[in-house]
Amino acid sequence: MFVANTYAYLRDRVRYFKKVHQALKPGGRLAIVDFRPDAQPPEKFAPDPKYRLSRDAIVAELAQAGFALEREEDFLPHQYFLIFAMKP
């Protein structure tokens with residue numbers, strides 16, 4: 001599953017991603033791309049920082065939903081790219 005620039009707008013994220021966890025096939029992955037709170041992208045390119053979540057907050061919420069951070073890509077200048085695997 002791929003989620004881009006919408007994570008902070010989801011309601012009851014832990015419950016939502018528990019359902020995603022149940023729906024993924026064995027070996028499935030969850031990729032999250034979202035703006036870093038401290039990023040300085042061009043104006044009107046990203047949501048206001050008050051609508052952004054930290055990488056650590058996302059990792060913690062997804063751990064509650066049954067996911068573990070598998071790897072992190074760093075090629076995006078204003079966003080993080082996190083890839084999660086399902087915990088057994």
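Strands here are DSSP runs of E at least two residues long, numbered from the N terminus. With that in hand, let's look at Gln 79, which sits in strand 4 (residues 79–86) of this predicted model.

Gln 79 has a relative accessible area of 14%, and anything under 20% counts as buried, so Gln 79 is buried. What does Gln 79 touch, leaving aside its neighbours within four places in sequence? The list is Asn 5, Val 33, Asp 34, Phe 35 and Arg 36. With Asn 5 there's also a polar contact of 2.9 Å between the two side chains.

Now follow that link to Asn 5. This residue is in the loop between strand 1 (2–4) and helix 1, and Asp 12 is found in that loop too. Most residues other than glycine have a negative phi. Asn 5 and Asp 12, though, each have a positive value. Here's how the two look side by side:

| Residue | Phi | Relative accessible area | Exposure |
|---|---|---|---|
| Asn 5 | near 60° | 28% | partly exposed |
| Asp 12 | near 45° | 46% | partly exposed |

Next up are the helices. The axes of helix 1 (residues 13–23) and helix 2 (residues 55–64) come within 8 Å and cross at roughly 55°. That angle is neither under 35 degrees, nor 65 to 115, nor over 145, so the two helices are oblique to each other. Their crossing is right-handed.

Which residues meet there? From helix 1 come Arg 13, Val 14, Phe 17 and Lys 18, and from helix 2 come Glu 61, Leu 62 and Gln 64. Sorted by class, this contact has three nonpolar, one polar and three charged residues.

Conventions:
Residues are numbered from 1 along each chain as its sequence is written. This is a predicted model: local features need pLDDT of at least 70, side-chain atom pairs count only at pLDDT 80 or more; totals for chains, interfaces and linings use all residues. Side-chain values use heavy atoms; hydrogens and water are left out. Axes are lines fitted to C-alpha atoms, for helices over the stretch in contact, and angles run from 0 to 180 degrees between N-to-C directions. Helices (H or I, at least four residues) and strands (E, at least two) are DSSP runs, numbered from the N terminus. A crossing is left-handed if the near helix is turned anticlockwise from the far one by less than a right angle, and right-handed if clockwise. Contact means heavy atoms within 4.5 Å. Ala, Val, Leu, Ile, Met, Phe, Trp, Tyr, Cys and Pro count as nonpolar, Asp, Glu, Lys and Arg as charged, and the others, Gly among them, as polar. Buried means under 20% relative accessible area, exposed over 50%, partly exposed in between (1.4 Å probe, protein chains only). A polar contact is a pair of N or O atoms within 3.5 Å; within protein, one must be able to donate a hydrogen and the other to accept it, and residues adjacent in sequence count only if both atoms are side-chain atoms.
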